[in-house]
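Grab the coordinates and work through a few short exercises. Each one sets a task and then walks through a solution.

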Amino acid sequence: MLTLLAALSTRTQQWRYGYDLMKETGLQSGTLYPLLVRMTDQGLVEAEWHPPERAGRPARHAYRLTATGAVLAHEVVDPASFPAGGVVQA
């Protein structure tokens, strides 16, 4: 969860897609998507459907931190442990 919080906190107002978050964090889909669902249920992340960018493509879920999620990320994520484009170093 810390890895995902760190990734989402780098651009708190920007909607992010799961695939991009997987690439950025190194989390597999079987870990990432259940975390996103749980964090959405806890009010830390908001999710919405975005229309396809090109015809013939499916709509996609996009995610971003809520104000509560941003506060939590600020409290628990050490910015030095999450270099740009990298995975949180435990």
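A salt bridge here is a side-chain nitrogen of Lys or Arg within 4 Å of a carboxyl oxygen of Asp or Glu. Keep in mind that this is a predicted model.

**Exercise 1. Work out whether Arg-11 and Glu-24 form a salt bridge, and where the two residues sit.**

Step 1. Side chains of opposite charge can pair when their charged atoms come close.

Step 2. The N to O distance for Arg-11 and Glu-24 is 3.4 Å, and the pair is a salt bridge.

Step 3. Now place the partners: Arg-11 lies in the loop between H1 and S1, while Glu-24 belongs to helix H2. They are 13 residues apart, so to speak linking distant parts of the chain.

Step 4. By the 4 Å rule, the model comes to three salt bridges.

**Exercise 2. Find the strand order of the sheet and say which strands are at its edges.**

Step 1. Strands of a sheet pair through backbone hydrogen bonds, either parallel or antiparallel.

Step 2. Take S1 and S3 (residues 60-65): two bridges pair them in the antiparallel sense. Tyr-17 has Ala-62 as its bridge partner in S3, and Arg-16 stands opposite Tyr-63.

Step 3. Next, S2 and S3 also run antiparallel, joined by six bridges. One of the partnerships puts His-50 with Arg-60 of S3.

Step 4. Put the pairings together and you get an open sheet of three strands in the order S1-S3-S2. The edges are S1 (16-17) and S2 (45-50), each pairing on one side only.

Step 5. Add the helix on the sheet: H3 (residues 29-41) packs there, touching S2 and S3. Its direction makes about 115° with that of S2.

**Exercise 3. Describe how H1 packs against H4 and against H2.**

Step 1. Two packed helices are described by the angle between their axes and the distance between the axes.

Step 2. For H1 (residues 2-9) and H4 (residues 67-76), the axes come within 9 Å and cross at roughly 110°. That angle is why H1 counts as roughly perpendicular to H4. The crossing of H1 and H4 is left-handed.

Step 3. Look at who touches whom: H1 brings Leu-2, Leu-5 and Ser-9, and H4 brings Gly-69, Leu-72, Ala-73 and Val-76. Sorted by class, the H1 contact with H4 has five nonpolar, two polar and no charged residues.

Step 4. Do the same for H1 and H2 (residues 18-25): the angle is about 110°, with the axes 10 Å apart. H1 is therefore roughly perpendicular to H2. The crossing of H1 and H2 is right-handed.

Step 5. On the H1 side you'll find Thr-3, Leu-4, Ala-7 and Leu-8; on the H2 side, Leu-21, Glu-24 and Thr-25. The class count for H1 with H2 is four nonpolar, two polar and one charged.

**Exercise 4. Decide whether H2 is perpendicular or oblique to H3.**

Step 1. The H2 and H3 axes come within 10 Å and cross at roughly 120°.

Step 2. The roughly perpendicular range is 65 to 115 degrees, so H2 is oblique to H3. The crossing of H2 and H3 is right-handed.

Step 3. Finish with the contact: Gly-18, Tyr-19, Leu-21 and Met-22 in H2 meet Ser-29, Leu-32, Tyr-33 and Leu-36 in H3. That contact of H2 with H3 divides into six nonpolar, two polar and no charged residues.

How values were computed
Residues numbered from 1 in each chain as written. Predicted model: local features only at pLDDT ≥ 70, side-chain atom pairs only at ≥ 80, totals over all residues. Heavy atoms only, no water. Pairing = 2+ DSSP bridges. Helix = DSSP H or I, 4+ residues; strand = E, 2+ residues; numbered from the N terminus. Contact = heavy atoms within 4.5 Å. Axes fitted to C-alpha atoms, helices over the stretch in contact; angles between N-to-C directions. Parallel < 35°, antiparallel > 145°, perpendicular 65-115°, else oblique. Left-handed = near helix turned anticlockwise from the far one by under 90°. Nonpolar A, V, L, I, M, F, W, Y, C, P; charged D, E, K, R; others polar.
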